[in-house]
Amino acid sequence: MSTDYWDQLQSAALLGTDRRPLPEPDGSPALQAAAAGVDRTDPATALLELAALTAVRRRAGLLPLPAPAPEPPAGDDERPELPAAAGRRLAVLLAGRAAGTTTQPNLAELLPQWLSLARERGYRPPAAQVPALLEAARARGELRGDAVALAGPLGRWLAERNPQWRYVLRTAGAEGPTGTDLVWQQGLFAERVTHLTRVRRRDPAAALALLAGTWPSERAEDRLLFLDALQEGLSPADEPFLEAALTDRSRNVRATAAELLSTLPGSALGRRMAERAQAAVRLVDGVLLVTPPTACDAAMQHDGIPPKSPTGRGEQAWWLGEVLAATPLSCWTHSFGLPPGRLLALPVADARTQVGAHAGPAADGGPWRDELHEAWARAAVRQGDASWARALLGPPPRRAGSPAVAGAPARLLAVLPPPERALWTAAFLRTHGPGDAFQLLGACATPWTPPLSTAVVAALERAATAGSYPWNHSGVLGLTERSLAPATAPAVAALAADAAPDTAWAETFARLAGTLRFRAEMLAELTGEEI
């Protein structure tokens, strides 16, 4: 059989058997015998049957292609596999369904916590569950760090073969080669950031050299994000590079470099800012006298202070705030010899109105008091100074409408040690509603301590009694499901039993109790503790 016969059949099919008669078969005797048995009463049907015979003949004659080279296996994973119960729990979490429960726990809230703890414990998932794990992390970016680390070498191996999971290769938590600069030279931007982060963790000096080598040719937006990668492991060795970045042609790059330098203890920028700050704020006879800058000179702009406020604030207030926020806080305690709490209690006055005047500072603390305290709050967050953050926060306000805390309370709270954060927030919740504490709760370490968990449950009970609806507190409830201490489950179940049947709060408390029990079981499976 030649290929011409196949072409003849195609021609007859295209033109129609009424215009092109069926070709006579040739080829092997067996095919000719089979073709002779085809009924030609209906030419169209006969054409299809002849085509089928010819196709079988053609395919039967094909030679097999050379076998592809076998894929290299995934790298070894020395970590112990998950305990069997924990593996089954992972399958439930990934499927998003829990069997045998009357009240469906919120598995979406629990999966991040499970992944984090499993990673911390050094387990590897069963190989059969790795694809589902990668797929879940593809849809939820917040899972990727833990999911990719947990998936280990097998996850990376799979990602190299499935374009849908390429994010694995761009996630800093993934194990991957760090010795090659090929990714840095040719990779996508996210891959380059990941590569720089990995090198930075392994060898900060090598990462800095890598960045310095291509810095002039990078785009401004890329330079900005590469600078962010230097936050991790920032040290005096980075200072010369950051000082050079203060002259960058991009304003945002200059501002980011200045902010990094302001968090670096003993930096030259910190000393320059301290000189400006001490010229602007003096302690005279127990009063902080403020003389705000009258201009944003070239030196100030070089150190990252924009001449124009992006928020429309008064220029002098803007310049003063930027200088003070970038000044090391130790400058004040050393220069004035007072701890943060006593400095914050001092009256504040405008130095220009005090010249030759005998009147004291204004009863409300003067026009610059808020500016001073706000800037100190920004500095406390930026420098991670717990003593200043504690003084700025003060005791928790005892009632709504109390004077506002300078700065962002949640950000100041995040500077304190976790137990102190929990105690402060628990005290806050005793006199405030759960909605008022949403950001503060988000700054607390999880799982919440028993006192904080008790305070949250009490606040939710008060909210239910006061007639509000659960959806008014959906944000806090979401945090509660993944953060409340599991030991609180009986108290929550009691609230569910006491609530009016078939109400929104009864359903909410029952669901929360179910989630807490589910979480207690899943944590015990990973930690080996009994519940």
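Which residues in helix 16 meet which residues in helix 20? The legends below start with that contact, and everything shown comes from a predicted model.

**View 1. Helix 16 packs against helix 20.** On the helix 16 side (residues 315-325), the contact is made by Ala-317, Leu-320, Gly-321, Glu-322, Leu-324 and Ala-325. Their partners in helix 20 are Glu-371, Leu-372, Ala-375, Arg-378, Ala-379, Arg-382 and Gln-383. Sorted by type, the residues of this contact come out as seven nonpolar, two polar and four charged. The two axes sit 8 Å apart, at an angle of about 35 degrees, and the crossing is right-handed.

**View 2. Helix 20 also meets helix 21.** Here His-373, Trp-376, Ala-377 and Ala-380 of helix 20 touch Trp-388, Ala-389 and Leu-392 of helix 21. That gives six nonpolar residues, one polar and no charged. The axes come within 9 Å and cross at roughly 140 degrees, so helix 20 and helix 21 count as oblique to each other. This crossing is left-handed.

**View 3. Helix 21 has its buried residues on one side.** Stay with helix 21 (residues 386-393) and pick out Trp-388, Ala-389, Leu-392 and Leu-393, which are buried. They share a side of the helix because they cover an arc of only 130 degrees around its axis. Trp-388, Ala-389 and Leu-392 also turn up in the contact with helix 20. Helix 20 (369-383) is among the elements covering the buried residues, and so are helix 17 (330-336), helix 18 (340-345), helix 22 (409-415) and helix 23 (418-429). Just after helix 21 comes Gly-394, with a positive phi near 65 degrees.

**View 4. Helix 6 lines up its buried residues along one face.** Which residues of helix 6 are buried? In this helix (residues 130-139), they are Val-130, Leu-133, Leu-134, Ala-136 and Ala-137. Look down the axis and these buried residues fall within an arc of 160 degrees, so they line one face of helix 6. Their cover includes helix 4 (84-95), helix 5 (107-120) and helix 7 (144-159).

**View 5. Helix 11 and helix 13 run roughly parallel.** The axes of helix 11 (residues 220-229) and helix 13 (residues 251-262) cross at roughly 10 degrees and come within 9 Å. The small print on "roughly parallel" is an angle under 35 degrees, which is why helix 11 and helix 13 get that label. Helix 11 brings Ala-220, Arg-223, Leu-224, Leu-227 and Asp-228 to the contact, and helix 13 brings Asn-252, Val-253, Thr-256, Ala-257 and Leu-260. The tally is six nonpolar, two polar and two charged.

**View 6. Ala-268 belongs to helix 14.** Helix 14 covers residues 268-280. Setting aside neighbours within four places in sequence, Ala-268 is in contact with Glu-239 and Glu-243. For a sense of scale, Lys-308 is 40 residues from Ala-268 along the chain, and their C-alpha atoms are separated by 24 Å.

**View 7. Gln-439 sits in helix 24.** Is Gln-439 buried or exposed? Gln-439, part of helix 24 (residues 438-442), is exposed, with a relative accessible area of 61%. The cut-off for exposed is over 50%. Val-456 is 17 residues away along the chain, with 13 Å between the C-alpha atoms of Gln-439 and Val-456.

Definitions and conventions. Residues are numbered from 1 along each chain as its sequence is written. This is a predicted model: local features need pLDDT of at least 70, side-chain atom pairs count only at pLDDT 80 or more; totals for chains, interfaces and linings use all residues. Side-chain values use heavy atoms; hydrogens and water are left out. Buried means under 20% relative accessible area, exposed over 50%, partly exposed in between (1.4 Å probe, protein chains only). Helices (H or I, at least four residues) and strands (E, at least two) are DSSP runs, numbered from the N terminus. The arc is that of the directions from the helix axis to the C-beta atoms. Contact means heavy atoms within 4.5 Å. Axes are lines fitted to C-alpha atoms, for helices over the stretch in contact, and angles run from 0 to 180 degrees between N-to-C directions. A crossing is left-handed if the near helix is turned anticlockwise from the far one by less than a right angle, and right-handed if clockwise. Ala, Val, Leu, Ile, Met, Phe, Trp, Tyr, Cys and Pro count as nonpolar, Asp, Glu, Lys and Arg as charged, and the others, Gly among them, as polar. Angles under 35 degrees count as roughly parallel, over 145 as roughly antiparallel, 65 to 115 as roughly perpendicular and the rest as oblique.
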